[in-house]
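This report reads a single protein chain from its overall layout down to a few chosen residues. Please keep the sequence and the coordinates at hand while reading.

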Amino acid sequence: MKNCVDCGREIPEEALYCMFCRAEQPVVTTVTPDQLRSALRNLKDEIMSEVRELLEEQHQQKPGFFAQLRSSLEELDRKTGLKK
Ligand SMILES: [Zn+2]
């Protein structure tokens, strides 16, 4: 249970709105660095699979574009710590 941010009455932990006054409740989530990394990895995999075909087309039309994107993604890996 948690307390409504507006009226202060007890409402279920997972409630998005207060059932008494209908006030919207802030969503509190705790994310560990590992969860964040795995979420980022999944997101990257999704993006990559969705755009892979497009990238291959781009590569045909603009040689070097794919290599440029790869290095951008590697840079992202370094910044987010996905790869050590
Ligand atoms: Zn309330």
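Which pattern does the protein chain follow when it is read along the sequence? The pattern is β-β-α-α, and the chain accordingly holds two helices and two strands. The model is a predicted one, with a mean pLDDT of 85 for the protein chain and with 93% of its residues reaching 70 or more. Among the elements, strand β2 (residues 10–11) has the highest mean pLDDT, 96, whereas helix α2 (residues 65–80) has the lowest, 83.

**Overall form**

The radius of gyration of the protein chain is 21 Å, while a compact globule of 84 residues would have a value near 12 Å. Along its principal axes, the C-alpha trace spans about 60 × 30 × 15 Å. Of the 84 residues, 1% count as buried, and of the contacts between residues at least 6 apart in sequence, 13% join residues at least 24 apart. The domain assignment divides the protein chain into domain 1 (1–29) and domain 2 (31–84), and the C-alpha centres of these two domains lie 38 Å apart.

**Helix α2 and the residue after it**

Does the length of α2 agree or disagree with what its residue count predicts? At 1.5 Å a residue, the 16 residues of α2 should span 22 Å, and because its end C-alpha atoms are 23 Å apart, the two values agree. The helix is hardly covered, since the count of buried residues among its 16 residues is zero. After α2 comes G81, which has a positive phi near 75 degrees.

**Three residues in their settings**

The table sets out the location of three residues, together with the number of other C-beta atoms within 10 Å of each and the resulting exposure class.

| Residue | Location | C-beta neighbours within 10 Å | Class |
|---|---|---|---|
| K2 | strand β1 (residues 2–3) | 13 C-beta atoms | partly exposed |
| R22 | loop between β2 and α1 | 10 C-beta atoms | exposed |
| R37 | helix α1 (residues 33–61) | 14 C-beta atoms | partly exposed |

R22, in the loop between β2 and α1, has a positive phi of about 65 degrees although it is not a glycine. Why does R22 count as exposed? R22 has 10 other C-beta atoms within 10 Å, and a residue is classed as exposed if that number is 12 or fewer.

K2 belongs to strand β1, and, once residues up to four places away in sequence are left out, K2 touches I11 and E13. K2 and E56 are 54 residues apart in sequence, and their C-alpha atoms are 51 Å apart in space. K2 counts as partly exposed because it has 13 C-beta neighbours inside 10 Å, a number that falls between the limits of 12 or fewer for exposed and 20 or more for buried.

Which residues does R37 touch, not counting those up to four places away in sequence? They are T80, G81 and L82, and G81 among them is the residue with positive phi that follows α2. R37 itself is found in helix α1, and it lies 9.8 Å from D77, C-alpha to C-alpha, although the two are 40 residues apart in sequence. With 14 other C-beta atoms within 10 Å, R37 is partly exposed.

Definitions and conventions: Residues numbered from 1 in each chain as written. Predicted model: local features only at pLDDT ≥ 70, side-chain atom pairs only at ≥ 80, totals over all residues. pLDDT = per-residue confidence, 0-100. Helix = DSSP H or I, 4+ residues; strand = E, 2+ residues; numbered from the N terminus. Contact = placed C-beta atoms within 7 Å. Rg over C-alpha atoms; globule rule 2.2 N^0.38 Å. Expected span 1.5 Å × (residues − 1). Domains from an automatic or database assignment.
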